[in-house]
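Hello,

Here is the structure I promised to pass on. Please have a look at it first; my notes follow below.

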Amino acid sequence: MGEVNLSQVMDRNQSFVDRVIEESGQDIRQCYQCAKCSGGCPGSSEMDYPPNQIIRMLMLGMKEEVLNSRTIWVCMGCNTCTTRCIRDIQVAAVMDTLRQEAVRAGYVDKAQTVLNFNDSFLWTVRTFGRLFEPGMAMLNNLKTGNYMKDMQFGLPLMLKGKASMFPHRIKGRREMKKIFDNVQGGK
Amino acid sequence: MTKYAYYPGCSLETGGIEYGMSSQAVAKALGIELLEVPDWNCCGASSAHMTDHLLSLALPARILALAETLPVTEIVAPCAACHARFAAVEYELGRDEELKQKVNSLLERPYTGKVKLRYYIDIFSNPETLSEIEKKVKKSLKGLKVACYYGCLFVKPPKIVNFVDDPEDPQAMDNIMRALGAEPIQWPYKTECCGASLGVTLEDHCTKLCNDILRFARDSGADCIVAACPLCQANLDMRQVTVEKKYGVSYRMPIPFFTQLIGLALGLDPKTLGFPKLFVDPVSMLKKVGVA
């Protein structure tokens with residue numbers, strides 16, 4: 001992180017901070033930096049900024065740094081931070097909002113693998129109504145160009161009767177389409 | 001007869017099929033009726049809540065609305081990830097009428113909230129059912145040391161999943177294991193995340209988290225890790241070979257579901273309970289309790 005003029009970024013990004021608070025329903029201004037969230041975070045060793053720093057950066061209006069961070073894409077949503085937060089902030093919910101904001105604002109450099117996975121997962125849900133894992137894996141591998149990824153699991157899963165060659169199609173597929181058509185990133 | 005709406009979710013028909021098989025068999029043996037939600041869809045899991053807030057609520061709300069067509073007051077989801085999505089719907093739509101209307105405008109059948117979410121483990125660990133199980137044990141699991149592994153999403157965050165068990169040291173599964181005659185070990189990884197959601201996108205880190213859990217269970221003297229979430233179970237079971245290769249260790253740690261162990265103790269056939277579906281061969285563990 002280079003030099004940052006805090007009063008300038010705060011002025012520039014106040015509306016962003018307000019939106020994150022509104023969307024996540026979490027008043028991050030309550031945070032007093034005890035760092036319990038980061039202490040228990042199973043992903044912190046892989047993050048560029050631990051969760052408590054993300055919250056602090058958010059309070060200071062550092063939109064670009066937060067949305068460009070690796071942290072928001074490493075978060076597994078395990079809710080350990082949320083469970084332990086002494087200031088009653090659902091930190092994992094803030095991470096969800098930040099991921100959605102990052103995609104909306106085009107900060108996707110560090111997110112491509114996660115976005116490919118989510119898109120492939122949701123495509124099968126939108127199309128069939130349920131997750132179809134072989135279809136998801138193939139779609140994901142086509143998107144990433146890593147064609148053999150996880151193929152070592154395919155055959156054993158089939159042999160154990162744990163994967164089906166064909167998707168189950170639910171009757172309410174039109175309803176699924178309506179849901180997806182009416183949300184952000186559902187297309 | 002106790003009745004619940006039952007949401008198997010995508011996992012219990014595929015990767016976690018033995019969880020579905022054993023759940024059905026055990027429920028039947030205990031006189032619990034599990035009524036499958038008609039024409040259910042995927043709950044959307046992490047992919048939906050990373051993508052869009054409304055999507056993450058509408059998908060599980062459709063399922064809960066369909067459950068309202070069944071003659072039940074409660075719904076169970078054996079998969080912790082699905083459970084967490086239902087909990088989010090109850091929590092958020094229960095507090096925000098406007099949001100509820102927005103979600104309902106996308107659904108053919110409105111969600112009213114009359115069918116309440118029940119913690120799956122609790123339909124077995126509540127005092128009445130537990131004493132029923134104790135009475136029906138035919139084959140005690142005496143001598144079997146089990147590491148109860150709850151994962152994250154059944155118990156965290158307690159305010160939203162609305163469960164009274166301790167999120168740092170839950171007891172529901174431990175109590176069931178004691179009733180079966182097994183010995184639940186004390187270990188600190190009961191609710192540590194296994195990283196399943198990073199399995200595709202950041203595999204190395206997921207492998208590390210699995211290794212931590214497997215190593216701790218072994219070092220604490222466990223014969224097996226008992227799972228309650230099909231995503232955790234698949235991660236620790238199917239990925240165990242990868243973990244062993246990467247870290248140069250050999251665990252061969254069976255990862256049965258808690259329902260499979262209830263079934264064993266009730267004297268049900270291991271095949272009906274889906275034991276052959278496990279990747280890590282459970283034969284050492286089955287021998288220890290004299291059923292193989």
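Chain B has 292 residues, and a compact globule of that length would have a radius of gyration near 19 Å. The value for chain B is 19 Å, so the two agree. Bear in mind that this is a predicted model.

More on chain B. Its C-alpha trace spans about 55 × 45 × 30 Å along the principal axes. The secondary structure comes to 14 helices and seven strands. Buried residues make up 60% of the 292 in chain B. Among contacts in chain B with a separation of 6 or more, 77% join residues 24 or more positions apart.

One element of chain B deserves a look of its own. Helix 11 of chain B covers residues 230-238 and is mostly covered, with nine of its nine residues buried. The run starts at P230(B), L231(B) and C232(B). Q233(B), A234(B) and N235(B) follow, and L236(B), D237(B) and M238(B) complete the buried set. Note that D237(B) and N235(B) are in that buried set, alongside L231(B) and L236(B).

Now chain A. This chain has 11 helices and zero strands. Read from the N terminus, its elements run α-α-α-α-α-α-α-α-α-α-α. The C-alpha atoms of chain A fill a box of roughly 55 × 35 × 30 Å along the principal axes. Of the 187 residues in chain A, 41% count as buried. For contacts in chain A with a separation of 6 or more, the share from residues 24 or more positions apart is 63%.

The domain assignment splits chain A in two. Domain 1 of chain A takes residues 6-104, and domain 2 takes residues 112-181. The C-alpha centres of these two domains of chain A lie 30 Å apart.

Last, the interface. Which chain gives how many residues to the contact? Chain B gives 42 residues, and chain A gives 48. On the side of chain B that touches chain A, three elements give two or more residues: helix 2 (45-51), helix 3 (53-67) and helix 10 (203-219) of chain B. By class, that side of chain B has 22 nonpolar, 13 polar and seven charged residues.

That is what I have for now.

Best wishes

Methods. Residues numbered from 1 in each chain as written. Chains lettered and ligands numbered in written order. Predicted model: local features only at pLDDT ≥ 70, side-chain atom pairs only at ≥ 80, totals over all residues. Domains from an automatic or database assignment. Contact = placed C-beta atoms within 7 Å. Helix = DSSP H or I, 4+ residues; strand = E, 2+ residues; numbered from the N terminus. Nonpolar A, V, L, I, M, F, W, Y, C, P; charged D, E, K, R; others polar. Rg over C-alpha atoms; globule rule 2.2 N^0.38 Å. Buried ≥ 20, exposed ≤ 12 C-beta atoms within 10 Å, placed from the backbone.
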